[in-house]
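Visitor: I've got a model open here and would like to walk through its packing. Could you show me around?

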Amino acid sequence: MDLHEDARSQQDDLARLRSDLHREPEIGLDLPRTQERVLRELDGLGLEISTGTGTTSVTAVLRGEGSARDSAQPRTVLLRADMDALPVQEATGLDFAATNGAMHACGHDLHTTSLVGAARLLHTHRDRINGDVVLMFQPGEEGWDGAGVMLKEGVLDAAGRRVDAAYGLHVFSSMLPSGQFASRPGTLMSASHKLLVTVHGEGGHGSMPHRAKDPISAAAAMITALQTMITRRLDIFDPAVLTVGVIRGGTKRNVIPATAEFEATVRCFSDDTAALLDTTIRETIDGVARANGVTADVVFENEYPVTVTDVDETAFGAEVVRETIGEQYYTELPNPVAGSEDFSRVLAAVPGTFLGLGALMPGLEPHTAPNNHSPYADFDPSVLSRAATVYAELAVRRLDRFAEGALR
């Protein structure tokens with residue numbers, strides 16, 4: 001079966017679907033319009049479809065009809081796409097740009113579209129598929145742990161038995177040339193942690209700061225001290241990244257407020273460093289607070305674990321890309337990436353891998369193009385047919401290998 005040729009024939013339809021999804025982004029675990037559109041696109045494909053209760057997820061099971069399928073206990077592969085957007089005001093100027101204050105700035109509209117395309121390919125060739133395929137359309141990847149919700153609701157057992165392998169992919173608006181796939185065996189992406197700090201001082205008049213205890217200046221000092229802490233308390237070969245993305249405090253320029261707050265994302269690559277960060281962040285903030293005569297409440301929470309790919313499954317993913325798209329379209333990453341993924345929860349439960357896919361717009365350079373999460377991030381829609389092909393080929397070929405007994 002030539003899935004890539006079939007996928008190319010879908011390219012225009014996939015591009016239109018992506019534009020429609022991009023125009024109406026939704027945030028978090030509740031994506032009713034996105035769910036409705038995905039259900040409409042899957043209608044008529046003969047899938048066993050269920051929706052989530054704790055989130056507007058869509059789980060679709062395709063039953064293969066290949067001659068080697070073991071009807072008593074068929075093997076199962078899972079393919080995942082996330083569907084949620086970000087609270088970013090879009091500034092791309094696209095004809096189909098979002099105007100509701102949210103944006104598909106991380107390319108999840110392409111992921112969803114590509115998995116719809118894969119579903120169509122698999123449906124067309126289901127008589128050659130030697131097992132079952134679970135299609136996981138997931139809300140809430142951007143900090144809402146949608147994967148964790150879907151795992152609790154049984155997505156890994158949706159076909160009637162635990163899936164044997166799982167695959168996901170993620171597009172990038174920079175870093176990689178358009179159409180280029182990349183991954184690595186083992187540690188691929190960082191763990192993520194949430195840091196929330198509330199500084200308590202004493203309010204007063206801006207002209208007499210000595211009569212108050214300024215939480216804003218203390219918070220600023222904490223933010224600077226935390227960056228120094230990262231470089232002086234952690235092993236450079238087991239690194240971490242701490243980025244403050246939110247600062248709140250004050251109501252008027254000549255009023256010293258009673259409280260100030262900031263929020264940060266913290267990324268690392270090992271449990272040892274995560275434990276050290278929990279301790280040293282608290283020590284640093286407490287020390288700065290005491291020096292400034294204020295107090296601080298600190299919340300440090302684990303969000304997503306480290307994304308670790310299976311060595312054999314990653315080699316298999318590379319093989320699929322090279323044989324179906326082209327030898328030159330796969331690159332092994334030399335280092336892990338400091339982004340985080342709740343697909344890490346799936347990979348912690350079953351063997352699998354996660355592929356990056358360059359979607360760099362024509363005329364831009366990988367290292368200077370707007371990055372994912374930027375209000376200017378744009379993604380090349382021409383990669384949709386390739387992504388759909390690789391999704392489908394991963395499922396078909398892995399089930400063939402199971403049937404052949406070539407892999408565990």
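Visitor: Let's start with one residue: where is the place of Ser114?

Guide: Keep in mind that this is a predicted model. As for Ser114, look along the helices and you'll find its place in helix α3.

Visitor: Is Ser114 buried or exposed?

Guide: The cut-off for buried is under 20% relative accessible area. Ser114 has 2% relative accessibility, so it counts as buried.

Visitor: Which residues does Ser114 touch, leaving out those up to four places away in sequence?

Guide: Think far along the chain here. Ser114 and Ala392 are 278 residues apart in sequence, yet their C-alpha atoms sit 9.6 Å apart in space. With residues up to four places away not counted, the ones Ser114 touches are Leu384, Ala387, Ala388 and Tyr391.

Visitor: Back to the helix itself. How do α1 and α3 pack, roughly parallel, antiparallel, perpendicular or oblique?

Guide: Helix α1 covers residues 3–23 and helix α3 covers residues 108–124, and their axes lie 9 Å apart. The angle between them is about 140°. Roughly antiparallel would need an angle over 145 degrees. Therefore α1 is, relative to α3, oblique.

Visitor: And what is the hand of the crossing of α1 and α3?

Guide: Among the α1 residues that meet α3 are Leu14, Leu17 and Leu21, and on the α3 side the list includes Leu110, Val116 and Leu121. The contact of α1 with α3 divides into 8 nonpolar, 5 polar and 5 charged residues. As for the hand, the crossing of these two helices, α1 and α3, is right-handed.

Visitor: Which helix gives the largest share of the largest nonpolar core?

Guide: That core has 56 residues, and Leu42, Leu79, Leu122, Val133, Leu135 and Phe137 have the most contacts inside it. Take Leu79: among the residues it touches are Leu115, Leu122, Tyr391 and Ala395. The largest share of the core is 11 residues, and it comes from residues 384–404, helix α9.

Visitor: How many residues are in the second, separate core?

Guide: Look for Leu195, Met229, Phe262 and Val294, which this second core includes. It's separate, and its residue count is 27.

Visitor: One more: is Thr273 buried or exposed?

Guide: Thr273 is found in helix α6, residues 271–291. Setting aside neighbours within four places in sequence, Thr273 is in contact with Leu234, Asp238, Pro239, Ala240 and Cys268. Its relative accessibility is 5%, so Thr273 counts as buried.

Conventions: Residues are numbered from 1 along each chain as its sequence is written. This is a predicted model: local features need pLDDT of at least 70, side-chain atom pairs count only at pLDDT 80 or more; totals for chains, interfaces and linings use all residues. Side-chain values use heavy atoms; hydrogens and water are left out. Axes are lines fitted to C-alpha atoms, for helices over the stretch in contact, and angles run from 0 to 180 degrees between N-to-C directions. Helices (H or I, at least four residues) and strands (E, at least two) are DSSP runs, numbered from the N terminus. Angles under 35 degrees count as roughly parallel, over 145 as roughly antiparallel, 65 to 115 as roughly perpendicular and the rest as oblique. A crossing is left-handed if the near helix is turned anticlockwise from the far one by less than a right angle, and right-handed if clockwise. Contact means heavy atoms within 4.5 Å. Ala, Val, Leu, Ile, Met, Phe, Trp, Tyr, Cys and Pro count as nonpolar, Asp, Glu, Lys and Arg as charged, and the others, Gly among them, as polar. A nonpolar core is a set of buried Ala, Val, Leu, Ile, Met, Phe, Trp, Tyr and Cys residues joined through side-chain atoms within 4.5 Å. Buried means under 20% relative accessible area, exposed over 50%, partly exposed in between (1.4 Å probe, protein chains only).
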